[in-house]
Amino acid sequence: MTGIWSRTDHLEKLLGDPWDAGNPAGFAAAVAADEREETAAAAEAALDDFGLHAEFVPRALGGRLERVDDMVELMRSVYRRDPALGLGRGGQLLPTVHVWTAGSPEQRREAAALLLDNRRITCAVHELAHGNDISASSFAARRADDGALRLHGRKESISNFDRADALVVLARTNESNGPRSHSLLFFGADLLDPARVRVLPRFRSVGMRGLRLGGMAADGLEVPGSALLGAEGMGVDTVVRAFQVTRIAFPAMSTAVLDTALRVTLHHTRGRVLYGRPAAALPIVRTTLAEAFADLLVCEALCRAATRALQVCPQAGSVHAPTVKYLVAGLLTDAVERLSTVMGSEFYRRDGEHAVFQKLARDIRPVAFAHIARAACLSALLPQLPGLLGRSRRDPAPAPDALFAAEADLPALDLPGLRSVAGGRDPLAASLPTVLDEELPSAVRPLAEDHVRAFAALTETGTALRPPQLAIDAEVPVRRLAARYTVALAAAACLGVHRTAASGDFLARPEWLVAALTRLSAVERPSGAQLPPGIEDALLEELGDRYDRGLSFGLSARPYA
C-alpha cells in the first residue's frame, strides 16, 4: 500500500491546511462556496492538478485504480474538507463502475480517456417517481427501424448533469415487468439535441449545496444502437452488481466527515471554558467525544472489511453493500448529531472558525438515503438472511486476515465477476461463531460472548423464516432481524481488526475493542451500554494525542495536512 500513502500525502499538500482561513481550498473557502451553492474553485483546480479522476480508472486502462480500499482512503482527504466536493468528484465512480462492469473494450477505453482528461461522466439511474425501485423506471429507449434508440421520459436529480461530457442511463427497453426489461446506455453529451431534450431546473438541497443536481426530459432523443452498455435487457442486473461497489465506497468515504466533525468539536471544547474549567473536561463532553471516536473506528473497521471483500471474496458484495449502507450511515449521522449538542450555539453558526460544522451536519445526512435509503437496505438483506445464517452455523470459519490487517495483498479487482446474490457465503458472518476460540483480553471476552450469543439467537430465529415473510412488506420485527445481522458483521470486523493489529499499535490494545463492542451493543440497547470510565480515558488520551500530532482519527491514523 506504499503507493496510496504517497498519493494521499501529495493530495493533502495540494489541498493544504483546511484550518488556514487564507487557504482557498480550506474550510472557510468551502463554507463560503456553500453559501453560493458551489464548491471552492481552488479546490476543484487542485483536484484537476492531482488528476483525481485517474483514481477511478483501472490501471489496465491507464488509471490508478487497483484497490477499492485505497481509493476510499484517498477520497477521505477530499471528504474531510468538503463532502460536497467529495461526492461531486467521487461521484465519477458511480457511472464508470457500470462501464468497467459491463462495457465493451471500446466503451471502457472511451470512458477512461474522458476521465484521464479531467472530464466528467454522470449517471442517470433513479427516477423520483419510483425511488429505490429501479426495475419500475419508466424512462424508455425504443428501437427504431434503422437500429437507433429513441429516448423518452424524465431523469431527475442527476449529479453534475450540466458539466457532463458523457452519460450512463438506465432505460426501459421492454414493456414487460420481467428481470430483463431494462438496459444501460452510454453515450456522449454531445448527442443531447436541444430540440429533443429539455433541461430541468436544478434541484436545490439543504445539504450538499455545492453538488449540482440537474435533470432532463427527453422526447424522441436519438442515440445510436452502439450506445447499449452490455447486453440488452441486462441493465438492472448490471446496476445491482455495480451498486455493490458504490454502496460500500460512498459511506466508507463519508467516515471522513465524522473525522472532521469530531476534530472541530475537540478544537472548540478545548478552547471553551465552562464553570471554571475547559469544556473538554466536562463528563458529558468527554463521553460524547469518546463515543464518537469509537463509532468512527467501528465504521472504518466494517468498511475496511467490506471494501477488501470486494476483491478477496466478491461473492459477498450483495450482503456487505446493504450492511455498510445501513449501519455505517446510521452511526455516522447519529454521531454527528450528538456532537452538535456539544458544540452548542457554535453548531448552527454560519460564520467564525467553526462554521464548517453546520455544513458537515447538513452534508452527512444524504449518506443515509442517497442512491438507496437505509430502510431499502434491510429489504435487500432479508431474502438472503436465512441462507446466510444457516451457512454460518453449518460452516463456521475464521475470516481471511486480508480483510482486516493494516497491510495486506489483495487479488486483482474483478468488477465483471461480481454476483447479484451471495449464495449464503459471507466470511464475516461465518467468522463470528469462531471468535471465542481465540485468545481474547479478559475485558473483551464477556462482550464478545454477548455478541456471539446474540448471533446464535438471531440464527435460530432467522433460519426459520419463510419466503412470504421476507418480501418488501415484511413485518417490523422481521426487518429488525436484518438490522441485527448488520451489527453482527460489524462486531466480527472489529474483532478481526484487533486480531490482526501489529503489537504496540493502538488497535492491538483492548480498550478500543471494548468500546467498539459496547457501542455496537448500544445500537439495540442504547440505555444499557455505557463505556467504562477507564475505557473512556484511554480513548480520549488517544484522540487527544492524534489531534496534537495531526493524525486522522480513523483506523489508519495517517498524517493530515
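Which are the buried residues of H11? Keep that in mind while you load the model, which is a predicted one.

**Stop 1: helix H11**

Select residues 356–363, which make up helix H11. The buried residues here are Val-356, Phe-357, Gln-358, Lys-359, Leu-360, Ala-361, Arg-362 and Asp-363. That is eight of the eight residues in the helix, so H11 is largely enclosed by the rest of the structure. To see what does the covering, add helix H2 (27–35), H5, H8 and H10, which are among the elements packed over the buried residues of H11.

**Stop 2: helix H3, a two-sided one**

Now select 41–50, helix H3. Its buried residues are Ala-43, Glu-44, Ala-46, Leu-47 and Phe-50. They sit on the same side of H3, because the arc they cover around the axis is only 160 degrees. Some background on that pattern: an α-helix has 3.6 residues a turn, so residues three or four places apart point the same way. Spin the view to the face turned away from the buried side, and you find the exposed residues Ala-41 and Asp-49. Just after the helix comes Gly-51, with a positive phi near 75 degrees.

**Stop 3: the largest pocket**

Next, the open spaces. The largest pocket holds about 850 Å³ of space, and its lining is made of 38 residues. To centre your view, pick Ser-157, Leu-213, Phe-369, Ala-370 and His-371, the lining residues nearest the middle of the pocket. Then show helix H5 (83–90), helix H6 (93–102), strand S1 (121–124) and strand S3 (149–159), the elements that each give two or more residues to this lining. Colour the lining by class and you get 20 nonpolar, 13 polar and five charged residues.

**Stop 4: the second largest pocket**

Move on to Val-240, Arg-247, Ile-372, Ala-376 and Ala-380, which lie nearest the centre of the second largest pocket. This pocket has about 730 Å³ of space and 25 lining residues. Helix H8 (235–271), helix H10 (317–343) and helix H12 (374–381) each supply two or more of the lining residues. Of the contributors, H8 gives the most, with six residues. The class count for the lining is 15 nonpolar, eight polar and two charged.

**Stop 5: the closed cavities**

How many cavities of 30 Å³ or more does a search of the whole structure find? It finds seven. Start with the largest, which has a volume of about 150 Å³. Select Leu-87, Phe-250, Ser-254, Pro-366 and Val-367, the residues nearest its centre out of a lining of 17. H5 and H8 are the elements that give two or more residues to that lining, and H8 gives the most, with six residues. By class, the lining of the largest cavity has eleven nonpolar, three polar and three charged residues.

The second largest cavity offers about 60 Å³ of space. Its lining is a list you can paste straight into a selection: Pro-398, Ala-399, Phe-404, Ser-431, Thr-434, Val-435, Glu-438, Ala-492, Leu-495, Gly-496 and Arg-499. Helix H16 (residues 476–500) gives the most here, with four residues. The lining divides into six nonpolar, three polar and two charged residues.

**Stop 6: Arg-546**

Jump to helix H18 (residues 533–549) and pick out Arg-546. Is this arginine buried or exposed? Arg-546 is buried, since its relative accessible area is 2%, and the cut-off for that label is under 20%. Draw a distance from the side chain of Arg-546 to the backbone oxygen of Gly-554, and it should read 2.6 Å. For the wider surroundings, leave aside neighbours within four places in sequence and show Phe-293, Phe-506, Leu-551, Ser-552, Phe-553, Gly-554 and Ala-557, which are in contact with Arg-546.

**Stop 7: Ala-124**

Finish in strand S1, at Ala-124. This residue is also buried, with a relative accessible area of 3%. Its contacts, apart from neighbours within four places in sequence, are Lys-155, Ile-158, Val-168, Val-169 and Leu-170. For a line back to the opening stop, connect the C-alpha atoms of Ala-124 and Arg-362: they are 238 residues apart along the chain and separated by 24 Å.

How values were computed. Residues numbered from 1 in each chain as written. Predicted model: local features only at pLDDT ≥ 70, side-chain atom pairs only at ≥ 80, totals over all residues. Heavy atoms only, no water. Buried < 20%, exposed > 50% of the residue type's maximum accessible area, 1.4 Å probe, protein only. Polar contact = N/O pair within 3.5 Å; in protein donor to acceptor, adjacent residues only side chain to side chain. Contact = heavy atoms within 4.5 Å. Arc of directions from axis to C-beta. 1 Å grid on protein atoms, 1.4 Å probe; cavity = no way out; pocket = protein on both sides within 12 Å on 5 of 7 lines; lining within 4 Å. Points joined across faces, edges and corners; volume = space filled by probe spheres on them. Nonpolar A, V, L, I, M, F, W, Y, C, P; charged D, E, K, R; others polar.
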